[in-house]
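Welcome, and thank you for taking a look at this structure with me. Below are some numbered points to read alongside the model.

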Amino acid sequence: MDGARDLVDELPDGLVVVGADARVQVVNASAERCTGIRREELLGRDVRTALPLQDTTGRDWWACTDPFRGLATRTGHRERLLVLPGDHEVLVTARYVRSGRSAPVERVVLQLRDTEARRRLENDHAGLISTVAHELRSPLTSVKGFTSTMLRRWERLTDAQKRLMLETVEADADRVTRLIAELLDISRMDAGRLEVKRQVVDLPAMVRGQVDRMVATGQPAERFRVALASPLPEVWADPDRLEQVLSNLVGNAVRHGAGVIDLVVAADPDGDGVAVVVDDEGEGIPAEHIGVVFTKFWRGSRRGGTGLGLYVVRGLVEAHGGRITVGASPAGGARFRFTLPAAVPDFVQLPPTALVERRRGADRRATSRG
Ligand SMILES: Nc1ncnc2c1ncn2[C@@H]1O[C@H](COP(=O)(O)OP(=O)(O)O)[C@@H](O)[C@H]1O
Ligand SMILES: [Mg+2]
């Protein structure tokens with residue numbers, strides 16, 4: 001029997017066997033890991049209390065399925081996502097073992113799987129595809145609507161009406177282009193192929209540049225307050241990527257926030273690099289959403305965005321070796337803070353692609369000099 005026990009412990013998936021009396025007979029090592037419950041706390045106990053599985057709406061799964069008294073023809077359940085106390089998620093497949101058709105259940109065999117890998121896959125596939133399709137469809141529907149109207153009623157529309165429609169079409173086309181650019185970044189990020197071409201960057205100039213751009217596109221200059229510490233540690237970063245990070249954060253503060261936007265660049269007190277803070281005076285992000293703002297496609301409001309901005313921002317900051325956090329600003333709005341490590345000395349801790357890029361850059365410089 002010891003050999004058999006070793007064998008079940010080697011199974012990659014969790015295994016729990018329950019007798020007709022609802023008592024747990026077998027628990028393997030993976031099941032302990034999946035459930036977070038120790039074998040001793042399960043063996044010999046009534047499974048309905050020792051392993052209190054619930055469905056995702058909080059209903060008691062054992063009461064709902066009632067394997068010991070339910071439909072006498074049931075042979076089990078297909079894999080489902082269930083929850084254990086403490087929000088512990090498990091994928092459960094159940095098999096009811098009977099001695100013959102319609103005979104009482106002799107054993108219930110549960111197969112348990114970790115949700116992590118599956119969920120990641122699900123999010124990346126089904127969820128992504130349907131969200132992308134939806135995100136692409138809404139601007140395209142509007143483009144189609146306005147262009148057909150213009151084609152059909154060209155003579156009857158005033159120039160002002162045509163202009164308005166064309167402006168909408170242009171904005172929608174921009175939106176689709178932006179979405180596709182973000183998706184390409186995400187696929188590079190997820191595949192670990194995002195290239196960061198580092199060079200010394202003038203962070204204060206970049207921050208001022210962002211503000212100038214916002215003002216040029218119609219934001220009142222009084223909306224921005226910039227505080228730049230000096231001197232600042234030297235930062236090596238990819239200037240295009242850093243622009244992207246800043247423009248997303250500032251754009252979010254303008255669009256989702258309100259009031260004055262404070263931009264602070266200073267030495268990072270917890271490291272050797274710099275920290276950039278973007279504060280606003282809007283409603284901020286409710287505590288219950290703090291954990292999800294960096295998730296793909298999550299958005300709290302319908303103000304134009306795709307919900308990909310912050311996911312991309314986090315990926316870019318981390319690709320630079322920095323960290324990004326979100327919290328509340330002193331005025332009660334949102335505070336986004338990210339760090340960038342100090343100058344990266346030659347040949348240290350660069351991902352291989354970045355290293356190659358730097359070498360190539362150095363070669364180019366050498367060639368142009370010679
Ligand atoms: N400064 C902010 N103030 C309030 N909410 C914010 C702020 N920045 C981001 N958010 C919230 O986080 C969500 C996700 O942001 P993001 O990923 O940039 O997507 P998007 O801007 O496309 O909606 C936004 O929809 C918004 O609800
Ligand atoms: Mg955004």
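**Notes on the fold**

1. A good place to begin is an open sheet of five strands, ordered S7-S9-S10-S12-S11, in which the pairing is mixed. At its edges stand S7 (224–228) and S11 (324–328); each has a single partner strand, so one side of each is left without a neighbour in the sheet. Ignoring direction, neighbouring strands here are turned by 15° against each other on average.

2. Please keep in mind that this is a predicted model. The protein has a mean pLDDT of 86, with 89% of its residues at 70 or more. One stretch to read with care is residues 345–370, where the pLDDT is below 50. Beyond near neighbours in sequence, that stretch has 11 contacts in the model.

3. Back in the mixed sheet, let us look at one pair of strands. How many bridges join S10 to S12? There are six, and the two strands, S10 at residues 274–279 and S12 at residues 334–340, run antiparallel. If you would like a landmark, find Val274, which stands opposite Leu340 in S12. As background, strands of a sheet pair through backbone hydrogen bonds, either parallel or antiparallel.

4. Next, a detail in a loop. Between S7 and S8 (235–237) runs a loop that holds Pro231. The peptide bond joining Ser230 and Pro231 is cis, with omega about 0°. S7 is also one of the edge strands described in point 1.

5. There is another open sheet of five strands, this one with antiparallel pairing and the order S2-S1-S5-S4-S3. Which strands lie at its edges? They are S2 and S3 (76–84), each of which pairs on one side only. From one strand to the next, the twist averages 25°.

6. Within this antiparallel sheet, S4 (residues 88–98) and S5 (residues 105–114) pair over nine bridges. Ala94 has Leu110 in S5 as its bridge partner. When you follow a strand by eye, it may help to know that in a regular strand the side chains alternate between the two faces of the sheet.

7. Now for the hairpin of S1 and S2. S1 (residues 14–19) and S2 (residues 24–27) run antiparallel and are joined by three bridges. Val17 stands opposite Val26 in S2. Four residues lie between the strands of this hairpin, and Ala22 is found in that loop. Ala22 is worth a second look: its phi is near 75°, a positive value in a residue other than glycine.

8. Turning to the helices, how do H6 and H9 meet? The axes of H6 (residues 159–190) and H9 (residues 309–319) come within 10 Å and cross at roughly 40°, and the two helices are therefore oblique to each other. The crossing of H6 with H9 is left-handed. On the H6 side are Glu182, Asp185, Ile186 and Met189, which meet Tyr311, Val312 and Gly315 in H9. By class, this contact of H6 with H9 has four nonpolar, one polar and two charged residues.

9. H9 has a further contact, with H8 (residues 239–256): their axes come within 9 Å and cross at roughly 145°. H8 passes H9 in a left-handed crossing. H8 contributes Arg241, Gln244, Val245, Asn248, Leu249 and Asn252, while H9 contributes Gly309, Val312, Val313, Leu316 and Val317. The residues of the H8 and H9 contact divide into six nonpolar, four polar and one charged. Val312 of H9 is named in this contact, and Val312 is also among the residues that H6 meets.

10. Lastly, H8 also meets H7 (residues 203–216), with axes that come within 10 Å and cross at roughly 45°; that makes H7 oblique to H8. Is the crossing of H7 with H8 left-handed or right-handed? H7 passes H8 in a right-handed crossing. From H7 the contact takes Met206, Val207, Gln210 and Met214, and from H8 it takes Leu242, Glu243, Leu246, Ser247, Val250 and Val254. In this contact of H7 with H8, seven residues are nonpolar, two polar and one charged.

How values were computed
Residues are numbered from 1 along each chain as its sequence is written. Chains are lettered from A and ligands numbered from 1 in the order in which they are written. This is a predicted model: local features need pLDDT of at least 70, side-chain atom pairs count only at pLDDT 80 or more; totals for chains, interfaces and linings use all residues. Axes are lines fitted to C-alpha atoms, for helices over the stretch in contact, and angles run from 0 to 180 degrees between N-to-C directions. Angles under 35 degrees count as roughly parallel, over 145 as roughly antiparallel, 65 to 115 as roughly perpendicular and the rest as oblique. A crossing is left-handed if the near helix is turned anticlockwise from the far one by less than a right angle, and right-handed if clockwise. Two residues are in contact if their C-beta atoms, placed from the backbone, lie within 7 Å. Ala, Val, Leu, Ile, Met, Phe, Trp, Tyr, Cys and Pro count as nonpolar, Asp, Glu, Lys and Arg as charged, and the others, Gly among them, as polar. Two strands pair if DSSP finds at least two bridges between them. pLDDT is the predictor's confidence in each residue, from 0 to 100.
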